Amino acid sequence: MRIAVNTRFLLYNKLGGFGVFINEIFSRLVKAHPDVEFTFIFDRPYHQSFIYNENVKAKVLFPPARHPIFKFIYYQISLQKFINRNNFDLFISPDSELPLHLNCPTLLVLHDINFFHNPNYLSGLNRRYMTYFTPKYLKAATHIVTVSEFCKKDIENYFPFTKNKIGVVYNAASDYFKPLTDNEIQINRNKYSNGKPYFLFIGAITPRKNLANLIKAYNIYRKNTNQDYPLIIVGGLMHKDKALDNELKNTNYKSDIYFLGNVSNKDIAKIVGSAFALVFPSQFEGFGIPIVEAMKAGIPVITSNISSMPEIAGNAALFVDPFNPESIADAMISLSTSQTLYDDLKIKALQRVKNFSWEQSAAKMWEEIKITLDKFKN
């Protein structure tokens, strides 16, 4: 069998959410199925580390696809021609986009439809591109995978024709994440937070991640406790956040708020494992990978009570109203003043994370591949 995979988000040292999913799932699938020939399709020169096994071939197609015009050329011309000329048994696109006219079965991974809920978070051209093409992608796909039961229901509610067409494959946390020793924690805190316990946020800097309200909550926490735990924010700038900029100008605690930008996977694991707690009050998540990363490190989690986050965190988190800074602050205060609550959440985190592993997810993805092939035959 010959399977083509759109791997344009496999970017060396720049794996975002899509890239992590592709890397973790397909590095396992190609080794688990050595009799299958995989062709990985990139839109720019690739790093050899992504050719995981002898049964993987690589192809680079023009043009590099980030701007909507170039994405249209890449998907609907270059990629479409390549797939149709090479008689693949299956095409998989794990990044939510798809050529619309292929002569083989197609499996589309749609991670979420946040852009329908919050269209203003995208620029005008990107917004029009995604809202126009996403329904077409969903109709063209033989089968669809998404990353949570919440997303499955959300997609079905927006697009009723997708019912009985969607499977769920969870994300997970890398093996880098694990509980650290007291000595390791102190070494990392000396490096990142002047030796102090710290609250941590991980994610792209964009309005959807709700950092403005997190800064407001941090102000309330500092004013109502005698603690001076810093707040560390890990992630690169994705979209300008004027509300965040305004809160940073007005806070009295700016010297204790550290923006580390993008860091390597190994460094993120050290930063997570040494945190006092993860605070992840996002306004919308299809899954929320930082939640399982923190749980795998045995770190208590504060997260939002909406979208997929309760499904992922289960009983191993304190849930807050992300639109109410006082709710977020109350959870931070409760966690930092109750050792019993803190210890209970650490235990529950390590139990809950057992529900998520990339091995399980890769096996589930293979089941969805077989479903896709069966649908096409019938």
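# Close-up views of a predicted model

**View 1. Helix H1 rests across five strands.** In this predicted model, helix H1 (residues 17–32) lies across strand E1 (2–6), strand E2 (37–42), E3, strand E4 (90–93) and E5. Relative to E2, helix H1 runs at about 155°. Beneath the helix, E1 is worth a look: four of its five residues are buried, so E1 is largely enclosed by the rest of the structure. E1 and E2 run parallel and are joined by five bridges. One pairing to pick out here is that of Ile3, whose bridge partner in E2 is Phe38.

**View 2. Seven strands make an open, parallel sheet.** Following the sheet across, the order is E3-E2-E1-E4-E5-E6-E7, and the pairing is parallel. Strand E3 (56–60) and strand E7 (166–168) are the edge strands, each pairing on one side only. From one strand to the next, the twist averages 20°.

**View 3. Strand E5 pairs with both E4 and E6.** On one side, E4 and E5 run parallel and share three bridges; here Phe91 has Thr106 of E5 as its bridge partner. On the other side, strand E5 (residues 106–109) is joined to strand E6 (residues 143–146) by three bridges, again in parallel. Leu107 has His143 of E6 as its bridge partner, and Leu108 stands opposite Ile144 in E6. In a regular strand the side chains alternate between the two faces of the sheet. E5 shows just such a split: Thr106 and Leu108 point one way, Leu107 and Val109 point the other way, and all are buried.

**View 4. Phe38 sits in the largest nonpolar core.** That core has 95 residues, and Phe26, Phe38, Leu200 and Met365 touch the most other members. Which residues surround Phe38, leaving aside its neighbours within four places in sequence? Phe38 is in contact with Ile3, Val5, Phe26, Leu29, Val30, His33, Asn55, Val56, Lys57 and Trp366. Apart from this core lies another, of 30 residues, among them Ile41, Ala65, Tyr129 and Ile155.

**View 5. Asp95 reaches Arg8 from a loop.** Asp95 is placed in the loop between E4 and E5. Is this residue, Asp95, buried or exposed? Asp95 counts as buried, because its relative accessibility is 2%. Its side chain makes a polar contact with the side chain of Arg8, at 2.9 Å. Beyond four places in sequence, the residues in contact with Asp95 are Asn6, Arg8, Phe9, Phe18, Tyr75 and Val109.

**View 6. Helix H12 is capped by Asn324.** How far apart are the end C-alpha atoms of H12? They are 18 Å apart, and this agrees with the 18 Å that the 13 residues of helix H12 (residues 325–337) should span at 1.5 Å a residue. At the N-terminal end of H12, Asn324 provides the cap, with a side-chain oxygen 3.0 Å from the backbone nitrogen of Glu326.

**View 7. The buried residues of H12 pack against strands and helices.** Pro325, Ser327, Ile328, Ala329, Ala331, Met332, Ile333, Leu335 and Ser336 are buried in H12. An α-helix has 3.6 residues a turn, so residues three or four places apart point the same way. The strands that the buried residues of H12 pack against are strand E8 (199–202), strand E11 (277–280), strand E12 (301–304) and strand E13 (318–320). Their helix partners are helix H7 (211–223) and helix H13 (339–352). Zooming in on one residue, Ser327 is found in helix H12. Ser327 has a relative accessible area of 19% and is therefore buried, given that buried means under 20%. With neighbours within four places in sequence left aside, Ser327 is in contact with Val320 and Asp321.

**View 8. Met309 is buried in helix H11.** Met309 is found in helix H11 (residues 309–313), and Met309 counts as buried because its relative accessibility is 0%. Not counting residues up to four places away in sequence, Met309 touches Phe280, Ser282, Phe284, Glu285, Ile291, Thr303, Ser304 and Phe319. To relate this view to another part of the chain, take Asn53: Met309 and Asn53 are 256 residues apart along the chain, and their C-alpha atoms are separated by 35 Å.

Methods: Residues numbered from 1 in each chain as written. Predicted model: local features only at pLDDT ≥ 70, side-chain atom pairs only at ≥ 80, totals over all residues. Heavy atoms only, no water. Core = buried A, V, L, I, M, F, W, Y, C linked by side-chain atoms within 4.5 Å. Buried < 20%, exposed > 50% of the residue type's maximum accessible area, 1.4 Å probe, protein only. Contact = heavy atoms within 4.5 Å. Helix = DSSP H or I, 4+ residues; strand = E, 2+ residues; numbered from the N terminus. Expected span 1.5 Å × (residues − 1). Polar contact = N/O pair within 3.5 Å; in protein donor to acceptor, adjacent residues only side chain to side chain. Pairing = 2+ DSSP bridges. Axes fitted to C-alpha atoms, helices over the stretch in contact; angles between N-to-C directions.
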